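Please consider how the interior of this protein is organised, beginning with its enclosed and open spaces and ending with its nonpolar cores.

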Amino acid sequence: MGRKVTVATCSLNQWALDFDGNLQRILTSIEVAKSRGAKYRLGPELEVSGYGCADHFYESDTLLHSLQVLKKLLESPVTQDIICDVGMPIMHHNVRYNCRVVFLRILLIRPKMQMANYGNYRELRWFSPWSRSRQVEEYFLPRMIQEVTGQETVPFGDCVLSTKDTCIGSEMCAELWNPRSPHIDMSLDGVEIFTNSSASHHELRKADQRVSLVKSATTKSGGIYLYANQRGCDGDRLYYDGCCMVAINGDIVAQGAQFSLDDVEVVTATLDLEDPQPEHSQTRLDFSLSSGDDVFLPTHQPITWQFHTPEEEISLGPACWLWDYLRRSGQAGFLLPLSGGVDSSSTACIVHSMCVLVCQAVQDGNVQVLRDVRRVVGDEAYCPQRPKELCGRVFTTCYMASENSSEGTRGRAKDLAAQIGSAHLNINIDLAVKGMLGVFSMVTGKLPQFRASGGSVRENLALQNVQARIRMVLAYLFAQLSLWARGKPGGLLVLGSANVDESLTGYFTKYDCSSADVNPIGGISKTDLKSFLLSFCFHVFPLFLFSTHVLSFSLPVLDLPIPPDPLQADMGMTYSELSVIGRLRKISKCGPYSMFCKLIHMWKEAFSPSEVAQKVKHFFRMYSVNRHKMTTVTPSYHAESYSPDDNRFDLRPFLYNTRWTWQFRCIDNEVVINAEGVNLPAKKKTNLHLNKSVQSHLQCFSSNKVKKNLPVG
């Protein structure tokens, strides 16, 4: 007869340093898990403090308040009769660790062994890894915890939990992505239930990697795998996208939502167990996860994971991130300079998507979302009925025209604003531009002219930049005072709309409308944004997986001219080509020479080696000349693995030798070698063939680096 256990995992919308809110969400998840019959509850990584505390992890306050929350959890009647597994920072022997604390009373503390320290993650900055495999030592509990549990010490280290009927082992986030994951040794030792507590962020097309890793963890050796993850924006550029799940023997049997406005989501599953034979260091517990009368208790069966398309991810992920940012910032809405082009129109559609999600959550009875909406709009009696109506309350768009603006872009901005329901403003900036130029003329005695009127290239560029920067100043002015002018409380957050490719090349004006409070599309490529807009028109997106709700995002009059992918004259390449170059630069870790060596093969049907050389050299000139712009770029939603964000993801100099003399000379030598009918002196040929040897070495080295730096979290 099988022994059946009910286990619970969850996605929580935790917030860095929000100890009150984090405690309440943890307690709610435990309460829901118990109500569904679960005997074990797993939560996300560092859920007590919030994962995104960053350098606040250095502060003793963060460690102290985390222990105080743990004390509250131990004292709560909600945590009785269920094994709880929570994440928090702990100091042991004067070293900080990222830990799991497993308790009925405190049963064990399991520190993280393999740290996430790549891309957006800097865990080694704040925590040390536990390096002693299968070994434990005593951890002396703080006095405040001793007073609750009556314990002085508990096991600390790489150990597993052995109950009467099964054995449970933990791994954490990046450990699953590592080629030597802890679950491998644990499964060989007979551990049956594996848990993974994560703070894994959203990237386009990443969810299938995560699901594949969870399934593969139990495909070979069998067992049950619980995956918990954080959800939402906890204070920075990342959106943690949930996807809590339960797998058994390589099959997913329970799945949580990837995108949701629910602060707490609990997923439970009832599954059969076999007798364990663990050899890991164990903490034995006189407690059973199964009961003796479970013959007729149904078990969860395998399901097929439903993945969102990239277009749906763009519609839902940034929308959820914007909602978290808005409700937690204390502001009353957003203001967007809407030009009628692809980028700003995409941003407007994402805000509309946010309003759709909010209205659906309120209709579904989400009390927290309703409270947040009322606080944002400053009306305790307000209840949103339709997305268009909510857009009018929280979203202002403005078209900032100059004498050079077209009626086509003005009309598209107006039509889109009418469709989504935003409060729309038409602003003419000519008066402000003339005032600014008047000051310059008064000081210098000269008045610059556009090139069309006989001005120089310098004059033309300066005048364009003046217009762009005045738009930024006016955007902030209207963000601060437009609600005041309407007799309403609060201010607005300014939204930027520069895409990842334009950030990569610096194809924008520093301190223009790309300068804003937040940017929901700053991590998304132009190619993906075009696909998103095309799908947004006359398309229906499913909101939550396994939900009966199907929300329509269709905007029939959104009639934007979206060309296939023309050559961008100023950039010297198409956006599709730029995306390829961006991925080679960041993901494949290519400099100019190694990038050229790869592209002559990737693009051999389209371009000659000399043409590839020109594109590579043009890109690196643009990139290095404009890299300084990334030091002030607006905080953006992270959605692409080749993001050039200078804050923490892509750390580079911002003052370059923009001639790249050595690197470009290596490229030129390869072009000569590949050219047909070139006759060179024997000595020079020898030198160039030595270059070939260097190229081969570089390609091998680049390949090895890519294999070692696997994505984490």
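In this predicted model, the largest cavity lies between domain 2 (311–555) and domain 3 (561–673), because both domains give residues to its lining. The volume of the largest cavity is about 110 Å³. Its lining comprises 14 residues, and those nearest the centre are G522, G523, S636, S643 and D645. Classified by side chain, this lining has eight polar, four nonpolar and two charged residues.

A search of the whole structure yields three cavities of 30 Å³ or more. The second largest has a volume of about 50 Å³, and the residues lining it are Y40, V102, L108, R110, C159, V160, L161, I168 and S170. Strand 5 (106–111), strand 8 (160–162) and strand 9 (167–172) are the elements that give two or more residues to this lining. Seven of the lining residues of the second largest cavity are nonpolar, one is polar and one is charged.

We turn next to the open spaces. The largest pocket holds about 1,600 Å³ of space. It is lined by 44 residues, with A468, Y507, F508, T509 and D512 the closest to its centre. Since domain 2 (311–555) and domain 3 (561–673) both contribute to the lining of the largest pocket, this pocket lies between them. Helix 14 (457–485) is among the elements that each supply at least two residues of the lining, as are helix 9, strand 18, helix 12, helix 15 (500–505) and helix 19 (609–626). The greatest contribution is that of helix 14, with seven residues. By class, the pocket lining consists of 20 polar, 14 nonpolar and 10 charged residues.

The nonpolar cores remain to be described. In soluble globular proteins, nonpolar side chains tend to be buried together. The largest nonpolar core here has 54 residues, and L322, W323, F334, M354 and F395 have the most contacts inside it. Two or more residues of this core come from each of helix 8 (310–329), strand 17 (334–337), helix 9 (342–363), helix 10 (367–377), helix 11 (387–394), strand 18 (395–401), helix 12 (407–420) and helix 16 (526–536). Helix 9 gives the most, with 12 residues. The core draws at least three residues from each of domain 1 (4–307) and domain 2 (311–555).

Which residues does F334 touch, leaving aside those up to four places away in sequence? Its contacts are L322, L326, V351, M354, V394, F395, T396, L492, L493 and L495. Apart from the largest core lies another core, of 35 residues, including L67, F103, I109 and Y139.

Note on methods. Residues numbered from 1 in each chain as written. Predicted model: local features only at pLDDT ≥ 70, side-chain atom pairs only at ≥ 80, totals over all residues. Heavy atoms only, no water. Core = buried A, V, L, I, M, F, W, Y, C linked by side-chain atoms within 4.5 Å. Buried < 20%, exposed > 50% of the residue type's maximum accessible area, 1.4 Å probe, protein only. Helix = DSSP H or I, 4+ residues; strand = E, 2+ residues; numbered from the N terminus. Domains from an automatic or database assignment. Contact = heavy atoms within 4.5 Å. 1 Å grid on protein atoms, 1.4 Å probe; cavity = no way out; pocket = protein on both sides within 12 Å on 5 of 7 lines; lining within 4 Å. Points joined across faces, edges and corners; volume = space filled by probe spheres on them. Nonpolar A, V, L, I, M, F, W, Y, C, P; charged D, E, K, R; others polar.
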